[in-house]
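Reader: Could you walk me through how the helices pack here? I may jump around a bit.

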Amino acid sequence: MQALPSWQLFALCVLTWGTTWYAITWQIDATSPEVGVAWRFSLAALVVLAAWAWRGGRLRFGAAQHLRLALQGAFMFSLSYVAIYHAERHVPSGLVAVGYAASPLVNGLGARWLFGAPLTARFVAGGVAGVTGVALVFAPQFRAADAGGAVALGAALTVLAVALSSAGSLIASRNRTHEIPFWPALGYGMAWSALLTWTLVLAGGYDPLPPATVRWWAALAYLTLAGTVLTFAAYLRG
């Protein structure tokens with residue numbers, strides 16, 4: 001990841017996340033969104049932390065560092081993805097893609113407001129152009145969608161998911177200043193998010209066992225390895 005320029009990391013995220021919205025639909029008809037998210041980030045955390053430990057990396061951190069990583073995981077992974085899985089029950093996946101296309105712009109505005117980070121007209125123009133382009137690509141889906149309360153709910157959940165994810169990104173940017181190595185920070189953030197999501201599963205009384213179908217497990221493998229481990233490593237490195 002460190003050897004790749006920012007534009008390649010960005011392209012990797014766009015190409016992979018652009019397909020994960022559809023892969024999510026392979027799971028939400030068979031299990032609750034909370035169960036899908038809990039399994040996804042549990043396995044992703046296991047992969048990242050196991051790989052870090054195999055390389056001989058340090059896994060022990062203080063309580064204050066874990067608190068920061070738990071906040072990052074709660075917003076960036078757990079709560080935002082539960083919201084987005086629920087949103088995809090009500091709206092076409094294209095609308096979700098449009099919502100997340102706006103997240104870099106939202107992140108930039110948030111960093112400017114909270115941390116005084118520079119925000120250029122070129123960045124804003126690029127963000128608006130990106131959202132517009134994704135909206136044009138998925139315009140046929142929007143025209144085919146039925147109007148009504150379900151679509152409004154799905155749109156509201158998408159907005160909520162983007163806001164939560166952006167908050168997580170801003171927390172992650174602050175966490176990088178506290179001398180936590182990148183990979184354990186990513187892994188522990190996912191682990192804390194999984195713990196929170198499993199709590200939601202138990203509180204909601206959902207069946208935690210996934211269905212024994214190739215379709216569901218294939219989606220889980222893709223969402224875990226490509227849509228989580230690979231893309232978040234690229235996104236947070238970029």
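**Helix lengths and packing**

Author: Helix α9 (residues 182-204) has 23 residues, which should span 33 Å at 1.5 Å a residue, and its end C-alpha atoms are indeed 33 Å apart, so the two agree. Helices here are DSSP runs (H or I, at least four residues) numbered from the N terminus, and the expected span is 1.5 Å times one less than the number of residues.

Reader: What kind of model is this, and how are residues numbered?

Author: This is a predicted model, in which local features need pLDDT of at least 70 and side-chain atom pairs count only at pLDDT 80 or more, while totals for chains, interfaces and linings use all residues. Residues are numbered from 1 along each chain as its sequence is written, and side-chain values use heavy atoms, with hydrogens and water left out.

Reader: Which residues of α9 are buried?

Author: Among them are Phe182, Pro184, Tyr188, Met190, Thr197 and Val201, where buried means under 20% relative accessible area, exposed over 50% and partly exposed in between (1.4 Å probe, protein chains only).

Reader: And what covers them?

Author: The cover of the buried α9 residues includes α2, α3 and α10 (214-237), with contact meaning heavy atoms within 4.5 Å.

Reader: At what angle do α3 and α9 pack?

Author: They pack at about 55 degrees with their axes 7 Å apart, which makes α3 oblique to α9. Axes are lines fitted to C-alpha atoms, for helices over the stretch in contact, and angles run from 0 to 180 degrees between N-to-C directions; under 35 degrees counts as roughly parallel, over 145 as roughly antiparallel, 65 to 115 as roughly perpendicular and the rest as oblique. The α3 residues that meet α9 include Leu69, Gly73 and Phe77, and those on the α9 side include Gly189, Ser193 and Leu196.

Reader: Where does α3 bend?

Author: α3 bends by about 40 degrees at Ala74, the bend being the angle between axes fitted to the seven residues ending there and the seven starting there. Helix α3 (residues 63-87) still reaches 34 Å from its first C-alpha to its last, close to the 36 Å expected for its 25 residues.

Reader: How do α2 and α3 cross?

Author: The axes of helix α2 (residues 33-54) and α3 come within 9 Å and cross at roughly 135 degrees, so these helices are also oblique to each other. Contacting residues include Val37 and Phe41 of α2, and Tyr81 and Tyr85 of α3.

Reader: Switching topic, is Thr20 buried or exposed?

Author: Thr20, in helix α1 (residues 6-28), is buried, with a relative accessible area of 1%. Leaving aside residues up to four places away in sequence, Thr20 touches Tyr222, Leu223 and Gly227.

Key
Helix = DSSP H or I, 4+ residues; strand = E, 2+ residues; numbered from the N terminus.
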